[in-house]
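Student: Could you show me how to read a binding site and a single residue in a structure?
Tutor: Gladly. Take a look first.

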Amino acid sequence: MKFESTRHDSPAVSFGAALTQGLAPDGGLYVPQSWPSLPLAAFEGASSLSDVANVMLRPFVEGDGIAAELAAVTRDAFDFPAPLVPVTDDGKLSVLELFHGPTAAFKDFGARFLAACLQKLRQDASRPLNILVATSGDTGGAVAAAFHQRPGIVVSVLFPKGMVSPTQERQLTCWGDNVRSYRVHGTFDDCQRLVKEAFVDSSLKSRFELSSANSINLGRLLPQAVYYAATSLAVFRAHGVAPNFVIPSGNLGNSVACVWARKLGLPIGRVVLAHNANRAVPDFLQSGQWQPRPSIPTLASAMDVGSPSNLERLRALFPDLDSVRRAVRAESVSDAEIKARTIADFRQYGKTWCPHTATAAEVYARMSPAMRESGRWVLVSTAHPAKFREIVEPLTGARIEMPESLAKLFSRPVSCEELEPNLAALAGALATY
Ligand SMILES: *Cc1c(COP(=O)(O)O)cnc(C)c1O
């Protein structure tokens, strides 16, 4: 299998090359050149995430060096569960908990799979791979956790000084070993600019082997299709119906993964995207006009994306507007609605949502009774509410128990270096590894 750029202006590459490059040279995103069809029978006997991953990802690694290592990679990456938990007694509504990984958010799945793949791909390399990550908060923690103590790889996490929450800063700086954290004297845009400049700087490129681990990397997106596959198979086997999903969405990585799983033939019904007040995607589906815009800050901050990159992948799959509209629906939820829904569902179901999950719960609650009754619905829970306790606890009035994984992070010592936002300073820092 080869992967091609959504912009069709650079050569198709292997799975391994797509992962190492991240972005295609023409600025596009890598997508599969063809879509294998996986009959349900192909998954016979597969129910755990790693078993399902082995079947589902097999065609994508075909012909790549990593194919022989796929079983080991999926065992390594999918080592925590994604339970489907009933919300209503009749089981018509459930929640898919994607927050049982090391940093208690769904990005752990993609980050761990990418890390496991890169470790294998690099095992005979003579010099280390330098992963540069610019983060405004959550992504950096998942990437740092996933790459921590993997041989042959060093990670530099760049975050803007004074602009991440104390909880987030702790998750970015508690690693050590092969993970270094830099408090950049600038904004998130400065961090991102610095990383982008590093990737195109010829002197830096010749001195260091640089790579990124950001969310547009194919190696983060593909593994996310695995939990949709495993969940839909479980529901279909038990009840004979294809579940519908409501997915909190920002950059659309999680929702495109669900659409990809359905494209591969998995029993998935409707895919509904729940956005916060950043409504570029809902507006696009309604008007047909694509108008990217600056992001606006909301309570569901990990979804504050004004111009979602993965829309390019959705449009590559569905070139005309009508077919996109048939493939997904999208709605926008305000901060006031996030708060009200958090309170209402705590009272009605005894469930505590993180603000991102609350957007999905709100979109579900808005549906007509006929739509809600039309099948089995799954709310996708993207983070543990403890990560956002300062928002959630005042709403529900109940203390949120810290999951063990997060508690562990909080007991680790922190270390961090200061960095001026220029390339010379970054090069100096990289040279000390
Ligand atoms: C990243 C993130 C999202 C948005 O996911 P996308 O793949 O960018 O659409 C939603 N919720 C949480 C908690 C996140 O960290």
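**Reading the ligand shell and one residue**

Tutor: Start with the make-up of the shell. This model is predicted. Around the ligand, the shell residues divide into 5 nonpolar, 7 polar and 2 charged.

Student: How many residues surround the ligand, and which are the closest?
Tutor: Count 14 residues around the ligand. The closest are K107, G250, N251, L252 and T382.

Student: Which backbone atoms should I check against the ligand's oxygen atoms?
Tutor: Look for polar atoms, then read the distance. A polar backbone atom of L252 is 2.9 Å from an oxygen atom of the ligand. For G253, a polar backbone atom lies 3.0 Å from a ligand oxygen. N254 also has a polar backbone atom 2.9 Å from an oxygen of the ligand.

Student: How much of the ligand's area does the protein bury?
Tutor: Begin with the ligand alone. It exposes 380 Å². The protein buries 96% of that.

Student: Now a single residue. Where is V235 placed?
Tutor: Find its element first. V235 sits in helix α10, which covers residues 224-239.

Student: Is V235 buried or exposed, and why?
Tutor: Compare its relative accessible area with the cut-off. Buried means under 20%. V235 has 7%, so V235 is buried.

Student: Which residues does V235 touch, leaving out those up to four places away in sequence?
Tutor: V235 touches L84, G240, V241, P243 and R376.

Student: How far apart are V235 and P319?
Tutor: Give two answers, one for sequence and one for space. They are 84 residues apart in sequence. From C-alpha to C-alpha, V235 and P319 are 30 Å apart.

Definitions and conventions: Residues are numbered from 1 along each chain as its sequence is written. This is a predicted model: local features need pLDDT of at least 70, side-chain atom pairs count only at pLDDT 80 or more; totals for chains, interfaces and linings use all residues. Side-chain values use heavy atoms; hydrogens and water are left out. Helices (H or I, at least four residues) and strands (E, at least two) are DSSP runs, numbered from the N terminus. Buried means under 20% relative accessible area, exposed over 50%, partly exposed in between (1.4 Å probe, protein chains only). Contact means heavy atoms within 4.5 Å. A residue is near a molecule or strand if one of its heavy atoms lies within 4 Å of it. A polar contact is a pair of N or O atoms within 3.5 Å; within protein, one must be able to donate a hydrogen and the other to accept it, and residues adjacent in sequence count only if both atoms are side-chain atoms. Accessible areas come from the Shrake-Rupley method with a 1.4 Å probe; for residues, only the protein chains shown count as cover. Ala, Val, Leu, Ile, Met, Phe, Trp, Tyr, Cys and Pro count as nonpolar, Asp, Glu, Lys and Arg as charged, and the others, Gly among them, as polar.
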